[in-house]
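This report looks at annotated sites, a ligand shell and a domain. The structure comes up next.

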Amino acid sequence: MAHQAHPFRSVLYIPGSKERALEKAQGLAADAIIFDLEDAVAHDEKIHARDLLRKTLETADYGRRIRIVRVNGMDTEWGRDDVAAFAGSKADVILIPKVSSAAHVQAVADLIPDVPLWAMMETALGMLNAAEIAAHPRLTGMVMGTNDLAKELTSRFRPDRLALQTGLGLCLLAARAHGLTIVDGVYNAFKDEDGLRAECEQGRDMGFDGKTLIHPAQLEIANEVFSPSSAEIELANRQIAAFEEAERHGQGVAVVDGKIVENLHIVTARQTLAKAEAIAAFGAS
Ligand SMILES: CC(C)(COP(=O)(O)OP(=O)(O)OC[C@H]1O[C@@H](n2cnc3c(N)ncnc32)[C@H](O)[C@@H]1OP(=O)(O)O)[C@@H](O)C(=O)NCCC(=O)NCCSC(=O)C[C@H](O)C(=O)O
Ligand SMILES: [Mg+2]
């Protein structure tokens, strides 16, 4: 799957039991969708949601949006059947909840060959084992589960997410060390645009690829914040041009806007341009 070339600015959760939301998502500006069978689905609805989702993925057209199915845990009565139901389906990714060790990833890998796996990072043990989880050869992405993590830590909500910073940082380090996609947790107050924007900006500045969302009203802000701005694209082009000019004169350092530009900054500049191109290509598809 062309994960590297695909943006993950906005990753929208949809409860697998909500027929109207499943239909609506075909026209929403999400880069990826998490079709949820876990916490957004009531116990009595689990089997119905699995059947509805399986049928919907066969018939509905989600275009190039990445289709991620979040199954129930393997320690529940539904987990193994959820995984089996989406083998050979149009699911692009299986998302495993509450991953605390690489063994949790392996348990799902044993049930479903070929499909890339993502891990929900949302337990205290998962934070401590983030490196071994990220190293699992079948894993291509991580999603922060900040509600469950806050619950486990018994921490209080704060706009700066102080209590979650250690876990967020450990998972980012692990994901980047192993070349994985990593998406930030949800912002629960889905009508609070200013709060969402601030949390998106914090996640972007930390290095996350995008944000998980719970309501369509959150899409526009996440897409905007996690896209390179026109000023960033313009700066990246000027840095590349200035560095190439410096190299032509046998120098390894250029200066742009009073700041040095070295080879490593050019790597970042090229990543910015590649991300902008991927977003443009996705938008045009
Ligand atoms: C939060 C909601 C329950 C609100 O639902 P509702 O009251 O129906 O909202 P609206 O009336 O404002 O909806 C307007 C229209 O938008 C559609 N809609 C709503 N939500 C979605 C969605 N997520 N995806 C697609 N479409 C959606 C409605 O159908 C309306 O459509 P229309 O009829 O055309 O007007 C609801 O938004 C919701 O259920 N959100 C998802 C909640 C969820 O998935 N939670 C689980 C994930 S969070 C989590 O567990 C993260 C992690 O594990 C952790 O630990 O942190
Ligand atoms: Mg959770």
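## Annotated sites and their surroundings

UniProt, in an unreviewed entry, lists Glu122 and Asp148 under "binding site". The two are spread over 27 residues of sequence, yet they cluster in space, with a largest C-alpha distance of 5.4 Å. UniProt positions are given in the numbering used here, feature names are shortened, and annotations may be inferred rather than shown by experiment.

This is a predicted model: local features need pLDDT of at least 70, side-chain atom pairs count only at pLDDT 80 or more, and totals for chains, interfaces and linings use all residues. Residues are numbered from 1 along each chain as its sequence is written, while chains are lettered from A and ligands numbered from 1 in the order in which they are written.

A further "binding site" listing in UniProt, also from an unreviewed entry, holds Arg70 and Glu122. This pair is spread over 53 residues of sequence but clusters in space, and the largest C-alpha distance is 13.7 Å.

Where do the listed residues sit? The table gives the place and the C-beta count of each. Helices (H or I, at least four residues) and strands (E, at least two) are DSSP runs, numbered from the N terminus. A residue is buried if 20 or more other C-beta atoms lie within 10 Å of its own, exposed if 12 or fewer, and partly exposed in between; C-beta atoms are placed from the backbone.

| Residue | Place | C-beta neighbours within 10 Å | Class |
|---|---|---|---|
| Arg70 | strand β3 (66-70) | 25 | buried |
| Glu122 | loop between β5 (117-121) and α5 (124-128) | 25 | buried |
| Asp148 | helix α7 | 19 | partly exposed |

Contacts come next (C-beta atoms, placed from the backbone, within 7 Å). Residues up to four places away in sequence are not counted for Asp148, which touches Lys98, Glu122 and Thr123. With the same exclusion, Glu122 touches Lys98, Gly145, Asp148 and Leu149. Arg70 has contacts including Ile34, Asp36, Leu95 and Pro97.

Ligand 1 has 23 residues around it (C-beta atom within 6 Å). Tyr13, Ala40, Gly145, Asn147 and Asp148 come nearest. Two or more shell residues come from each of β1 (10-15), α1 (19-24) and α7 (146-153). Strand β1 gives the most, with four residues.

UniProt's unreviewed entry also places the feature "domain: HpcH/HpaI aldolase/citrate lyase" at residues 9-216. The end C-alpha atoms of that span lie 13 Å apart, and the span is 38% helix and 19% strand.

Notes
Contact = placed C-beta atoms within 7 Å.
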